[in-house]
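This report goes through selected strands, loops and pockets of one protein model. The sequence and structure come first, followed by the description.

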Amino acid sequence: MKAPSFAYVKPQSLAEAFEALERPGAKALAGGQSLMPTLNMRLSSPELLVDITGLPSLRGITLEQGVVRIGALTTHADIESSEHIAKHAPLLAQAVKHVAHPAIRNRGTLGGSIALADPAAEYPACMVALDATIVVAGKDGERLVKAERFFKSLFEVDLKPAELVVAVEFPAQLKDERSVFLELARRHGDYAIIGLAAYKGAATRFVFLGAGVTPVFAKGASQASTLENAKVLLRKELSPPADLYNNTATKLHLATVLLERAWNTLSTSR
């Protein structure tokens, strides 16, 4: 199928982008790796595509005063090759290798993935595990939203009309902190059956993807003092939706397997 007819504009500044996004039926185009297929299948029919890829201020990875900042237009490939990410955000360095395939990673962007909020995507769960702050901007300025509150429901995030995700920020991982990303998929590059982003610092955060309509922060399991207690609590607080191949009980079992692997990794890593 072919995409429906739409108008197109490529703003050269954020101010121009915000103005264009206020027009009826406007939709932002970042990497386009999720948007273009939905257009071609006519699952989406915006009247105006606002191509924000010409805004260099939304690209790049920086480390300042112990805080990692990643611009919304930074591609998956940029994250995969970044020394800053490898050293200071190894959770993302592990997760990005599970994002689709190299061709997709060359074009897809961090901001696009977060704004779409696919419950089976890797980055939203990582953002919650990292206790990240989502930097959102509109014509009235910036506002900061904690990742745990940003993902509201299925494909729904805390973005007002004509707002954009412009960056994410989170503390750099310290030497005595640990993280691990685990994912089970039918084939590498497919959407996850179940996945887990885990971080152990001052507190432990186990955050599952593919386990609900948003990333699921298993707070009980995260606060458990033993692995067996964590498993018991996880079974009480997690109820993954069934899919074409796996029922809820199977996915819960797989989530428990990932929890055990992550627990052991975080406990033994040096």
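In what follows, two residues are in contact when heavy atoms of each lie within 4.5 Å. The model is predicted.

## Glu163 and its surroundings

Glu163 sits in the loop that runs between strand E9 (156-157) and E10. Its relative accessibility is 13%, so Glu163 counts as buried, the cut-off for that class being under 20%.

With neighbours within four places in sequence set aside, Glu163 is in contact with Val136, Ala137, Gly138, Arg143 and Asp158. With Arg143 there is also a polar contact between the two side chains, at 2.8 Å. Val136, Ala137 and Gly138 belong to strand E6 (residues 133-138), and Arg143 belongs to strand E7 (residues 141-146).

## Strand E6 and its partners

How many of the six residues of strand E6 are buried? Six of the six are, so E6 is largely enclosed by the rest of the structure. The side facing one way carries Thr133, Val135 and Ala137, while Ile134, Val136 and Gly138 point the other way; all are buried.

E6 pairs with E7 through six bridges, and the two strands run antiparallel. Ala137 has Glu142 as its bridge partner in E7. Two residues separate E6 from E7, and the two strands form a hairpin. E6 also pairs with strand E10 (residues 164-171), again in the antiparallel sense, over five bridges. Here the bridge partner of Val136 is Val165. Val136 and Ala137, which have these bridge partners in E10 and E7, are also among the contacts of Glu163.

## Strand E3 and its parallel neighbours

Strand E3 (residues 48-51) has Leu48 and Val50 pointing one way and Leu49 and Asp51 pointing the other, and all of them are buried. The charged residue Asp51 is thus listed with Leu49 on one side of the strand.

Strand E1 (residues 7-9) joins E3 by three bridges and runs parallel to it. In this pairing Tyr8 stands opposite Leu49. E2 is also parallel to E3, with four bridges between them, and Ala28 stands opposite Val50.

## A four-stranded open sheet

Another set of strands forms an open sheet of four, in the order E11-E12-E13-E14, with antiparallel pairing. Strand E11 (178-184) and strand E14 (216-217) are the edge strands, each pairing on one side only.

The pairing of strand E13 (residues 204-209) with E14 is antiparallel and has two bridges. Phe208 has Val216 in E14 as its bridge partner.

## Thr74 in its loop

Thr74 lies in the loop between strand E5 (67-71) and helix H3 (76-81). Is Thr74 buried or exposed? Its relative accessibility is 1%, so Thr74 counts as buried.

The side chain of Thr74 reaches the backbone nitrogen of Gly60 at 3.0 Å. Leaving out residues up to four places away in sequence, Thr74 touches Leu58, Arg59, Gly60, Ile61, Ile79, Gly108, Thr109 and Leu110. Among these, Leu110 is in helix H7 (110-116), one of the elements that line the largest pocket.

## The two largest pockets

The largest pocket holds about 1,300 Å³ of space. It is lined by 49 residues, with Ser34, Gly112, Ser113, Ala115 and Leu116 the closest to its centre. Two or more lining residues come from each of strand E2 (26-29), helix H2 (35-40), H7, helix H8 (122-129) and E10. Which element gives the most? H7 does, with five residues. Sorted by class, the lining has 28 nonpolar, 15 polar and six charged residues. Two of the contributing elements, E2 and E10, appear above as partners of E3 and E6.

The second largest pocket holds about 410 Å³. Its lining has 19 residues, and Ala120, Tyr191, Ala192, Asp243 and Lys251 lie nearest its centre. By class, the lining of the second largest pocket has ten nonpolar, three polar and six charged residues.

Terms used
Residues are numbered from 1 along each chain as its sequence is written. This is a predicted model: local features need pLDDT of at least 70, side-chain atom pairs count only at pLDDT 80 or more; totals for chains, interfaces and linings use all residues. Side-chain values use heavy atoms; hydrogens and water are left out. Buried means under 20% relative accessible area, exposed over 50%, partly exposed in between (1.4 Å probe, protein chains only). Two strands pair if DSSP finds at least two bridges between them. On a 1 Å grid over the protein atoms alone, a cavity is a set of points where a 1.4 Å probe fits but cannot get out, and a pocket is an open set with protein on both sides within 12 Å along at least five of seven lines; lining residues have an atom within 4 Å of a point. Grid points are joined across faces, edges and corners, and a volume is the space filled by probe spheres set on the points. A polar contact is a pair of N or O atoms within 3.5 Å; within protein, one must be able to donate a hydrogen and the other to accept it, and residues adjacent in sequence count only if both atoms are side-chain atoms.
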